[in-house]
Amino acid sequence: MSVEKIASTQRMHATAGAAHPYAQLVAMKRWADRGLYEAADRNLGKLSPQDAVLMRRVLDHMHAVDRIFQHHLQGLPHTFRAARSEELPEIGALASGTREIDDWYVAYVDGLAAGDADEPVDFVFTSGKPARMTRGEIILHVCLHGSYHRGNAGALLQLRDITPSRDGITDFLEAEPSRANAY
């Protein structure tokens with residue numbers, strides 16, 4: 001590695017601080033979520049009515065969890081009584097809401113100061129059980145939870161001979177070279 005590249009990497013790590021890995025995680029989540037919604041929107045009509053509802057349920061659950069934990073990070077109450085919406089939203093509303101929340105997480109992580117990721121947050125799960133996680137653990141949870149359920153949605157598409165969107169970190173780094181070079 002060249003001296004210039006090492007110096008550039010050191011400067012980047014000094015300014016990115018503790019948020020660096022979380023910034024890459026939420027950027028990748030946003031990219032992967034958008035790809036999934038594009039694949040789902042293009043192919044929803046190819047799914048049976050039951051499969052289309054299942055797809056919307058998976059997407060709604062992902063979105064509800066993102067919203068619930070957004071409120072926990074903000075220290076605000078939320079109206080969710082479960083990790084899903086009371087009424088199942090249409091795909092367009094879910095896509096719009098997911099774009100909004102993903103952008104919020106990217107901006108939130110970009111605004112974290114050094115040490116903020118280690119700050120504990122007390123909250124109550126929708127089951128009523130009290131909990132404590134650090135801000136970083138919440139961000140990690142939201143990203144891993146989304147990855148798991150994008151896999152569920154992708155498997156549903158594959159079972160119906162529909163190619164899902166790409167969802168791996170290597171795909172993200174290849175598709176988003178400007179983001180990849182920022183890390």
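A residue counts as buried when its relative accessible area is under 20%. The legends below describe a predicted model.

**Figure 1. Overall fold of the protein chain in the predicted model.** The protein chain contains seven helices and two strands, arranged along the sequence in the pattern α-α-α-α-β-β-α-α-α. Of its 183 residues, 42% are buried. Contacts between residues at least 6 apart in sequence are made up, to 72%, of those that join residues at least 24 apart. The exposed area of the protein chain is about 10100 Å², of which carbon and sulfur atoms supply 54%.

**Figure 2. The largest nonpolar core, with 22 residues.** Val26, Phe69, Tyr105, Val109, Phe123, Ile138 and Ile139 have the most contacts inside this core. Two or more residues each come from the helices α2 (20-43), α3 (49-74), α4 (91-110) and α5 (135-159), and from the strands β1 (120-124) and β2 (130-134). Helix α4 gives the most, with five residues.

**Figure 3. Surroundings of Val26, and a separate core.** Leaving aside residues up to four places away in sequence, Val26 touches Tyr105, Val106, Val109, Ile139 and Cys143. Apart from the largest nonpolar core lies another core, of 18 residues. Leu36, Leu44, Met55 and Ile162 are among the residues of this other core.

**Figure 4. The aromatic pair of Phe69 and Phe123.** The count of aromatic pairs comes to five. In one of them, Phe69 and Phe123 are 5.6 Å apart centre to centre, with 75° between the planes. This pair is edge-to-face, because the angle between the planes is over 60 degrees. The two residues belong to distant parts of the chain, 54 residues apart, with Phe69 in helix α3 and Phe123 in strand β1. Phe69 counts as buried because its relative accessibility is 6%. Phe123 has a relative accessibility of 7% and therefore also counts as buried.

**Figure 5. The aromatic cluster of Phe69, Phe123 and Phe125.** Phe123 also pairs with Phe125, again edge-to-face, at 5.2 Å centre to centre and with 85° between the planes. Phe125 has a relative accessible area of 33% and is therefore partly exposed. The cluster thus joins two buried residues, Phe69 and Phe123, with the partly exposed Phe125. Phe69 and Phe123 are also among the residues with the most contacts inside the largest nonpolar core.

Technical notes:
Residues numbered from 1 in each chain as written. Predicted model: local features only at pLDDT ≥ 70, side-chain atom pairs only at ≥ 80, totals over all residues. Heavy atoms only, no water. Helix = DSSP H or I, 4+ residues; strand = E, 2+ residues; numbered from the N terminus. Buried < 20%, exposed > 50% of the residue type's maximum accessible area, 1.4 Å probe, protein only. Contact = heavy atoms within 4.5 Å. Areas by Shrake-Rupley, 256 points an atom, 1.4 Å probe, with all protein chains shown as cover. Core = buried A, V, L, I, M, F, W, Y, C linked by side-chain atoms within 4.5 Å. Phe/Tyr/Trp six-rings, centres within 6.5 Å; stacked < 30°, edge-to-face > 60°.
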